[in-house]
Every structure is written in C-alpha cells, then in structure tokens.
Amino acid sequence: MPMDDPDKAPDASPARADTFTITADQSHADTRLDMMVAVSRGCSRKLAASLIKNGDILVDERQAKPAHRVTPGETISGVILARPEFLPAAEPIPLDILLEDDDLLVINKAPGMIVHPAAGHFSGTLVNALLHHYPEIAQVGDPTRPGIVHRLDRYTSGILVIARNPEAHERLTLMFKERAVAKTYLALVYGTMASAEGGIDLPIGRHPTHRKKMGVVGDNAMRDARTLWRTRKRFPDATFLELDIKTGRTHQIRVHCTALGHPVVGDPLYTKRWTGKQRHFSSRAAFESLSTAPRQMLHAWRIAFNHPIKDVPIALSTPLARDFQQLLIKLHQSK
C-alpha cells in the first residue's frame, strides 16, 4: 500500500453532483436539518450545513438554517456538489474482499489505512482504492467519500461495509443509524480485568479541551453510548476482550475502555505515560513493554445485518491482523 502523500495533487476531474428531493416523514421529526441531510445523503454534517447556509439545500423551496427542526411533510431538496479539487483520485491499491455483489462490498481493512481522504491525507486511502477497483462508486453518496456508510479509525483493522449504488447507500446508512447492524470487536487492553463480563453506559462527546479526543465529560452535545464486553483471556498485565457496541460513537471502545481504567493497548491518544498511579499493573516495566505495540490493538471482528436490497441475513468475521496475533503469542509465551 502506498504511503500517504500530502503533497500529491488532488484529482482534477469534473465536480460530481448529488441532486435529491426528500419528503420528510415521522422518522425525521424534530431532527436538525443539517443532520437529516448528512444521514440521508451520506455526506458530512459540516458539508450539509455549509450547503444549507449557501441556499443549495432548501425546505419547501425556501432557504432555512442548518439548525431548522424538520417537520413531517416538508420537502427538502437540493444539490450536493463537490468542488473538483476535493474529489479523490483512483489509485491501484489492493483490497481484501470478504463479500461482493452488485449492491455492496464487505472488506477487511488493513491497520494503518485511512478510510477516506481528509486534510493532509489525499492519497493511499480506502476510497482511493475503491475508485480504482469499482469506478461506479464515484456516484454513490458524498462525492468526497463515495460508498462510505460507516468508518473505522486509521489504526483499527477489520470489517467495513461499502455501498455500491445509491439505493444500497441510503438503506445501509439508515440501518447503521437505527442500530440494525450488530458489530463485535476484539481488543487488548492494559491491566487484568477482574470480571468475566460487564457493560458500560456513558455518554460520549467532544473532549472539552483536546480537539482530537472524545470523552465521557464534555459539552452539551454528549450522545448516549453503550458497550458490552466479555473477557476472552487474561494475561498478567493485559486482558483480551470481545466487545459488542450497541451504539456507534466516535472512538467509543477506546473512550469506554479508558473510562474503565483499562485503555486499549498501543493507543497513544487515550493512554497516558507512566505516572506510578496506573491501576492493574504489576510494574512500570510491564506498562512500558505493552506500550511498544505498533498501534492500538483494536479489531472489527464480526458483523451481522440484513442485506439492504435482498433482505437476507449476512454474518461475517475476519481473523486478527498479523501484528495483533503476534502480540498475543508473545504475551502467552511470557506467562
């Protein structure tokens, strides 16, 4: 896989447009306009808000504010146009395909691969690879991240679902929003968990002082979050966990494990340096040895949902990435 090249010139192909008309129903009631557009069209909320402010998206043919609360029966119409300099380019990057049909793809994302282009990372992403192997995806959803219906952090490996046509994109986006997709992760966390299983219900929002972090204390935009976990194996200074997330918040597992006092091994954003006050560690040496992990040890292991078009059940799982497997072997041998 090519390295990210921030200096690579963006694709100069013509801008792509997503023209739409939606009649709001009861499921949209009292939803912010920018959020409704973002969810229904698969674009970012920031882009939706900008287009609403510019008058590119209207309510009953009149300009509205991004914070407008949608009422059933209203007609939301407009066009999402991506400027050419923001459009990702196709790149011949290999993909590990788990399932493929005319409507969707399920891939095994490698650790280190960014899902879609963003500031400083215009190449080497999953979207760049998708556009090479499946050019038609350029017309699906947000032109700056076509086909994408959910995401994984850059250093999280595992299962990701991609939409191949607009109908599948709309239905999959709604399924993720309505929690109709079962997602199970595997994680290695610092310290030995005392219990065999448990759950954590703590709302998650943007960290009040660190713009890249999420947290369980923050501003008024906190959103409910629930994670269930089961212990698979205990090591002297680490625990191998299986986790079901009942919501899909940004950094949810990483934030919840940190709140439990057991951050994900190798996660530099949520793991503090040794202070002598860390719980569940036998020594500083043990903590620092685990901290040499090449990345956060988090893997999207299993997914289950109904096919968005055929309505038949799909259940898939994928093995741990090699670096995760090797760390588990090392921990087992050192017991």
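**Exercise 1.** Does F240 count as buried or exposed, and at what relative accessibility?

*Solution.* The model is a predicted one. Buried requires under 20% relative accessible area. F240 has 9% relative accessibility and therefore counts as buried.

**Exercise 2.** Find the aromatic pair in the structure and classify its geometry.

*Solution.* Searching the whole structure gives one aromatic pair. Its members are F240 and F324, with ring centres 5.9 Å apart and 65 degrees between the planes. Planes over 60 degrees apart count as edge-to-face, and the pair is of that kind. Next, place the partners: F240 belongs to strand β12 (residues 238–245) and F324 to helix α7 (residues 322–333). With these positions 84 residues apart, the pair links distant parts of the chain. F324, at 0% relative accessibility, also counts as buried.

**Exercise 3.** Check the span of helix α4 (residues 166–177), then locate its buried side.

*Solution.* Twelve residues at 1.5 Å a residue should span 16 Å. The end C-alpha atoms of α4 are 16 Å apart, so the two values agree. The buried residues of α4 are A168, H169, L172, T173, M175 and F176. They cover an arc of only 160 degrees around the axis, and therefore lie on the same side of α4. Residues three or four places apart point the same way because an α-helix has 3.6 residues a turn. The packing partners of these buried residues are α1 (33–41), β5 (104–109), β6 (157–163), β7 (182–190) and β13 (298–306). Just after α4, R179 has a positive phi of about 60 degrees.

**Exercise 4.** Which residue lies over the face of W301, and at what distance from the ring centre?

*Solution.* The residue is R232, at 4.7 Å from the ring centre of W301.

Notes
Residues numbered from 1 in each chain as written. Predicted model: local features only at pLDDT ≥ 70, side-chain atom pairs only at ≥ 80, totals over all residues. Heavy atoms only, no water. Helix = DSSP H or I, 4+ residues; strand = E, 2+ residues; numbered from the N terminus. Expected span 1.5 Å × (residues − 1). Buried < 20%, exposed > 50% of the residue type's maximum accessible area, 1.4 Å probe, protein only. Arc of directions from axis to C-beta. Contact = heavy atoms within 4.5 Å. Phe/Tyr/Trp six-rings, centres within 6.5 Å; stacked < 30°, edge-to-face > 60°. Lys NZ or Arg CZ within 6 Å of the ring centre and 35° of its normal.
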